[in-house]
Amino acid sequence: MRYLRGVEPTNSDWSARHSVQAVALRTAALVNALSHEGVSPQSVSAVLRAHGEGDAVELSERDVAEMRAAALQVREVFAADGTDEAAARLNRLLSLSTGALRLTSHGGRSPWHPHLDRDDDGPWGEWLLASSCLALTVIVWDRQRPPGGVCASPACGNVFLTQGSGPARRYCSRRCATRERVAAHRRAKKIPDPAR
Ligand SMILES: [Zn+2]
């Protein structure tokens with residue numbers, strides 16, 4: 001089992017910022033941030049900046065509420081049991097919630113890349129759902145595997161992306177895997193767990 005750090009997109013990397021992997025990493029980070037009830041617009045725009053949105057992103061409470069609704073739907077794709085179910089959930093979102101496939105360069109400010117939302121200036125929730133569906137769809141197509149999973153640690157619940165071709169991961173990070181291994185060891189030895 002490997003816990004590879006993904007490619008970290010940077011503002012200076014004009015074309016990598018729009019790669020499938022970069023969009024997928026941003027998707028997972030946004031789903032995780034937005035899964036918390038009461039997440040602030042500031043923390044969501046910090047995630048966007050960390051994933052290459054150069055301009056200061058001004059999000060309203062309403063934007064965040066729409067993004068959270070989208071994130072909870074995308075989360076269901078990560079939670080799918082196997083490739084067929086992930087594909088079925090993506091197909092449902094693609095038929096209900098996205099526009100036609102189109103290319104945009106945002107008026108020359110970015111490399112040409114595909115979008116599934118209806119308009120470059122559309123609502124943030126629609127953008128999140130469409131960009132997430134697009135990246136996760138390409139990953140299923142390319143790897144013929146589920147695009148990711150949900151961390152098996154009850155204390156975590158973060159989504160993560162499938163990396164490489166090894167066995168399916170259960171935890172989002174080495175940190176969660178270690179914590180659960182220690183907890184299982186304590187249970188086996190009947191040592192009280194101070195964290196629970
Ligand atoms: Zn975790």
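At what angle do helix 1 and helix 3 pack, and how far apart are their axes? The legends below take up that question first and then move through other close-ups of this predicted model.

**Figure 1. Helix 1 packs against helix 3 in a left-handed crossing.** The angle between helix 1 and helix 3 is about 115 degrees, and their axes are 9 Å apart. On the helix 1 side, the contact is made by Thr27, Leu30, Val31 and Leu34. Helix 3 answers with Met67, Arg68, Ala71, Val74, Arg75 and Phe78. Sorted by character, the residues of this contact are 7 nonpolar, 1 polar and 2 charged. Val31 is a good place to pause: leaving aside neighbours within four places in sequence, Val31 is in contact with Ala71, Val74, Arg75 and Phe78, and also with Val159.

**Figure 2. Helix 1 also meets helix 5, again with a left-handed crossing.** Here the axes of helix 1 (residues 20–34) and helix 5 (residues 124–143) come within 9 Å and cross at roughly 125 degrees. Helix 1 is therefore oblique to helix 5. Val20, Val23, Ala24, Thr27 and Leu30 are the helix 1 residues in this contact. Across from them, helix 5 brings Leu128, Ser131, Ser132, Ala135, Leu136, Val138 and Ile139. The residues of this contact comprise 9 nonpolar, 3 polar and no charged.

**Figure 3. The largest nonpolar core holds 41 residues.** Which of its residues touch the most other members? They are Ala24, Val31, Met67, Ala71, Leu128 and Cys133. Two or more core residues come from each of helix 1, helix 2 (41–50), helix 3 (61–78), helix 4 (83–97), helix 5 and strand 4 (159–161). Helix 5 gives the largest share, 10 residues. As background, nonpolar side chains tend to be buried together in soluble globular proteins.

**Figure 4. Ala86 of helix 4 touches Pro147, a residue of the loop between helix 5 and strand 3 (148–150).** Is Ala86 buried or exposed? Ala86 is buried, because 25 other C-beta atoms lie within 10 Å. Not counting residues up to four places away in sequence, Ala86 touches Val77, Ala80, Val140 and Pro146 as well as Pro147. The C-alpha atoms of Ala86 and Thr137 are separated by 9.1 Å, although these residues are 51 apart along the chain. Pro147 has 29 C-beta neighbours inside 10 Å and so counts as buried too. Beyond four places in sequence, the residues touched by Pro147 are Ala24, Val77, Ala86, Leu136, Ile139, Val140, Leu161 and Thr162. Pro147 and Ala135 are 12 residues apart along the chain, and their C-alpha atoms are separated by 9.1 Å.

**Figure 5. Cys151 sits in the loop between strand 3 and strand 4.** Though a loop residue, Cys151 counts as buried because it has 21 C-beta neighbours inside 10 Å. Leaving aside neighbours within four places in sequence, its contacts are Cys156, Gly157, Asn158, Phe160, Tyr171, Cys172 and Cys176. The C-alpha atom of Cys151 is separated by 9.3 Å from that of Ala79, a residue 72 places away along the chain.

**Figure 6. His106 and Gln144 have positive phi values.** Most residues other than glycine have a negative phi. His106, in the loop between strand 1 (102–104) and strand 2 (113–115), has phi near 50 degrees. With 13 other C-beta atoms within 10 Å, His106 is partly exposed. Gln144, in the loop between helix 5 and strand 3, has a phi of about 55 degrees. Gln144 counts as exposed because it has 9 C-beta neighbours inside 10 Å.

**Figure 7. The protein as a whole has 6 helices and 4 strands.** To help you place the close-ups, the order along the sequence is α-α-α-α-β-β-α-β-β-α. Of the 196 residues, 31% are buried. Among contacts between residues at least 6 apart in sequence, 53% join residues at least 24 apart.

Notes
Residues are numbered from 1 along each chain as its sequence is written. This is a predicted model: local features need pLDDT of at least 70, side-chain atom pairs count only at pLDDT 80 or more; totals for chains, interfaces and linings use all residues. Axes are lines fitted to C-alpha atoms, for helices over the stretch in contact, and angles run from 0 to 180 degrees between N-to-C directions. Angles under 35 degrees count as roughly parallel, over 145 as roughly antiparallel, 65 to 115 as roughly perpendicular and the rest as oblique. A crossing is left-handed if the near helix is turned anticlockwise from the far one by less than a right angle, and right-handed if clockwise. Two residues are in contact if their C-beta atoms, placed from the backbone, lie within 7 Å. Ala, Val, Leu, Ile, Met, Phe, Trp, Tyr, Cys and Pro count as nonpolar, Asp, Glu, Lys and Arg as charged, and the others, Gly among them, as polar. A nonpolar core is a set of buried Ala, Val, Leu, Ile, Met, Phe, Trp, Tyr and Cys residues joined through C-beta atoms within 7 Å. A residue is buried if 20 or more other C-beta atoms lie within 10 Å of its own, exposed if 12 or fewer, and partly exposed in between; C-beta atoms are placed from the backbone.
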